[in-house]
Amino acid sequence: MSQDFIQPINQTVAAMTIDGLTGFQKQLSGLDDLVYLTFGEPGFNVDERIKQTMIQAIKDNHSHYAVAEGDLALRQAAVDYYNRKFDLHFNGPENVIVTSGVTESIYALFQTLLMPGDGVLIPSPAYPPYFAAINIIGGEMLKLDTTPNHFKLTPEAVEKALSETDLKIKAILFNYPSNPTGVTYTEDELKALAAVFKKYKIWVISDEIYAELIYDVKHVSMVNLLPEQTVLINGLSKSHAMTGYRIGFVIGPEAIISEVGKVHDTLTFALPQVTQDGARAALTLAADAPDQMRPIYQRRRDYVMQRMSAMGFDVGNPQGAFYIFAKIPEDFSAGADGLKFAWDLAVEGGVGVAPGVAFSEATAEYIRISYAGDDEVLAAGMDRMEAWIEKKRAEWA
């Protein structure tokens with residue numbers, strides 16, 4: 001660019017840095033022979049029924065502009081699917097916007113709900129892109145550390161935070177089952193939280209993208225408890241292993257959905273019709289796909305928990321998603337520095353994991369392991385990790 005003509009860019013954008021998770025994964029990409037346990041990428045291929053539907057859609061020339069808010073049949077399928085799965089009571093397509101993945105859902109909702117300076121309560125540790133989405137539109141974050149209560153949000157903590165802050169809190173971004181911890185909530189716990197959210201009249205942005213991947217308790221949607229105050233985010237990346245298809249849904253009261261649609265029009269306009277045809281097939285013809293994957297994920301979770309516990313990690317009790325958020329063994333010299341631990345494990349041990357500090361400054365002693373990959377990858381990762389840990393301990397003996 002010529003130095004004779006330089007206009008300043010948006011300073012919020014200029015001040016942004018790559019988040020800790022993305023930045024660390026880019027660093028890992030420069031290493032050879034690495035077993036990656038970092039990505040939230042399902043270790044399954046897309047169901048054949050979905051593929052065949054999309055192949056036929058291509059043959060039928062479904063290549064033109066689609067409806068901006070989403071194909072009518074797809075939006076009806078989404079309402080029917082989530083109503084049936086989670087005992088919800090949405091009326092119809094008017095309650096749904098189809099977005100380019102949950103990432104766009106989050107941006108569109110923040111753009112709709114927040115004015116510059118408005119605050120969002122975020123239970124921490126949390127998925128790093130949340131932070132960037134709030135910053136880029138001039139919102140303010142109030143992070144609420146959940147580590148004192150085994151990574152669970154409590155009514156008392158929410159009450160204290162909302163009553164003491166000077167920020168104008170407009171919403172809470174509530175993700176469960178959680179990335180990175182795998183923590184979820186019982187119905188009684190959710191009811192107690194809902195009472196506080198209702199008291200303070202804040203929007204609940206309920207990110208339930210992992211709702212299909214829950215193992216030990218029943219998933220209860222916040223929509224059931226606060227229907228007029230909750231906007232549901234979901235999609236097909238995790239439930240149907242369709243990460244590359246970028247299908248997300250914003251589902252909520254018609255009045256707010258119509259406003260979200262205005263923002264969506266400026267961000268994406270519409271997803272490809274072929275992709276939407278595939279999404280409709282996922283919600284109808286392949287509605288049972290999550291039921292086939294869930295027990296495999298649970299088996300992988302149990303395997304990784306057993307292996308890591310034997311190595312000395314504190315693995316907690318993840319009841320959903322496909323992550324284990326583990327505290328580094330106390331006997332490690334890098335125990336207070338998960339970033340160093342994760343880097344040394346990658347460079348010396350050949351295993352890529354995510355450092356806990358990427359999700360919260362309060363979890364610097366943790367790492368996140370994804371058990372979404374196939375069995376061979378997980379076994380290789382655990383074997384390499386165990387060998388590296390044993391070698392380090394032998395060196396210190």
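A word on names before the points: helices (H or I, at least four residues) and strands (E, at least two) are DSSP runs, numbered from the N terminus. Please also keep in mind that this is a predicted model.

1. **Pro253 and Ile106.** With those names in hand, a loop is a good place to start. Pro253 sits in the loop that runs between strand E8 (247-251) and helix H10 (254-267). Buried or exposed, which label does Pro253 get? Pro253 counts as buried because its relative accessibility is 17%, and the buried class covers values under 20%. Set beside Ile106, Pro253 is 147 residues away in sequence, while the C-alpha to C-alpha separation in space is 16 Å. Ile106 will come up again below, in the lining of the second largest cavity.

2. **The largest pocket.** You may want to look here next. The largest pocket holds about 520 Å³ of space. Its lining has 26 residues, and those closest to the centre are Gly40, Tyr127, Asn179, Tyr210 and Lys238. Helix H2 (20-28), helix H5 (101-113) and helix H6 (129-136) are the elements that give two or more residues to this lining. The most comes from H5, which contributes four residues. By residue class, the lining of the largest pocket splits into ten nonpolar, ten polar and six charged residues.

3. **Cavities, and the largest of them.** How many cavities of 30 Å³ or more does a search of the whole structure find? The search finds two. The largest cavity has a volume of about 130 Å³. Fifteen is the size of its lining, or 15 residues as listed, with Pro123, Pro125, Phe151, Asn175 and Ser178 nearest the centre. Strand E3 (118-124) and strand E5 (168-175) supply at least two lining residues each, and E5 gives the most, with three residues. The lining of the largest cavity holds nine nonpolar residues, six polar ones and no charged ones.

4. **The second largest cavity.** The volume here is about 40 Å³. Its lining is made of Thr103, Ile106, Tyr107, Tyr127, Pro129, Tyr130 and Ala133. H5 and H6 each provide at least two of these residues; both helices also give two or more residues to the lining of the largest pocket. Tyr127 is worth selecting in your viewer: it lines the second largest cavity and is among the residues closest to the centre of the largest pocket. In the lining of the second largest cavity, six residues are nonpolar, one is polar and no residue is charged.

5. **Salt bridges within helices.** The whole structure contains 27 salt bridges, and three of them make handy examples. In one, the side chains of Glu164 and Lys160 meet at 3.1 Å, N to O. Why are Glu164 and Lys160 separated by about one helical turn? Because they are four residues apart in helix H7 (residues 155-164). Glu164 counts as exposed, since its relative accessibility is 51% and the exposed class begins over 50%.

6. **Asp344 and Lys340.** In this salt bridge the closest N and O atoms are 2.6 Å apart. Both residues belong to helix H13 (residues 338-349), where a spacing of four residues puts them about one turn of the helix apart. Their accessibilities fall into separate classes: Asp344 is buried, at a relative accessible area of 15%, whereas Lys340 is partly exposed, at 42%.

7. **A network around Asp291 and Arg294.** Which residues do salt bridges with shared partners join into one network? They are Lys85, Glu212, Asp291 and Arg294. Within that group, the side chains of Arg294 and Asp291 form a salt bridge at 3.1 Å, N to O. Arg294 and Asp291 lie three residues apart in helix H12 (residues 289-311), and are therefore separated by about one helical turn. Asp291 counts as partly exposed because its relative accessibility is 38%.

8. **A nonpolar patch on the surface.** To finish on the outside: Ile9, Val13, Met16 and Ile136 form a nonpolar surface patch, and together they have about 310 Å² of accessible area. Ile9 lies in the segment before helix H1 (11-15). With a relative accessibility of 55%, Ile9 counts as exposed.

Key
Residues are numbered from 1 along each chain as its sequence is written. This is a predicted model: local features need pLDDT of at least 70, side-chain atom pairs count only at pLDDT 80 or more; totals for chains, interfaces and linings use all residues. Side-chain values use heavy atoms; hydrogens and water are left out. Patches are made of residues with over 30% relative accessible area and no salt bridge: like charges are joined within 9 Å, nonpolar side chains (Val, Leu, Ile, Met, Phe, Trp, Tyr) within 5 Å. Accessible areas come from the Shrake-Rupley method with a 1.4 Å probe; for residues, only the protein chains shown count as cover. A salt bridge is a side-chain nitrogen of Lys or Arg within 4 Å of a carboxyl oxygen of Asp or Glu. Buried means under 20% relative accessible area, exposed over 50%, partly exposed in between (1.4 Å probe, protein chains only). On a 1 Å grid over the protein atoms alone, a cavity is a set of points where a 1.4 Å probe fits but cannot get out, and a pocket is an open set with protein on both sides within 12 Å along at least five of seven lines; lining residues have an atom within 4 Å of a point. Grid points are joined across faces, edges and corners, and a volume is the space filled by probe spheres set on the points. Ala, Val, Leu, Ile, Met, Phe, Trp, Tyr, Cys and Pro count as nonpolar, Asp, Glu, Lys and Arg as charged, and the others, Gly among them, as polar.
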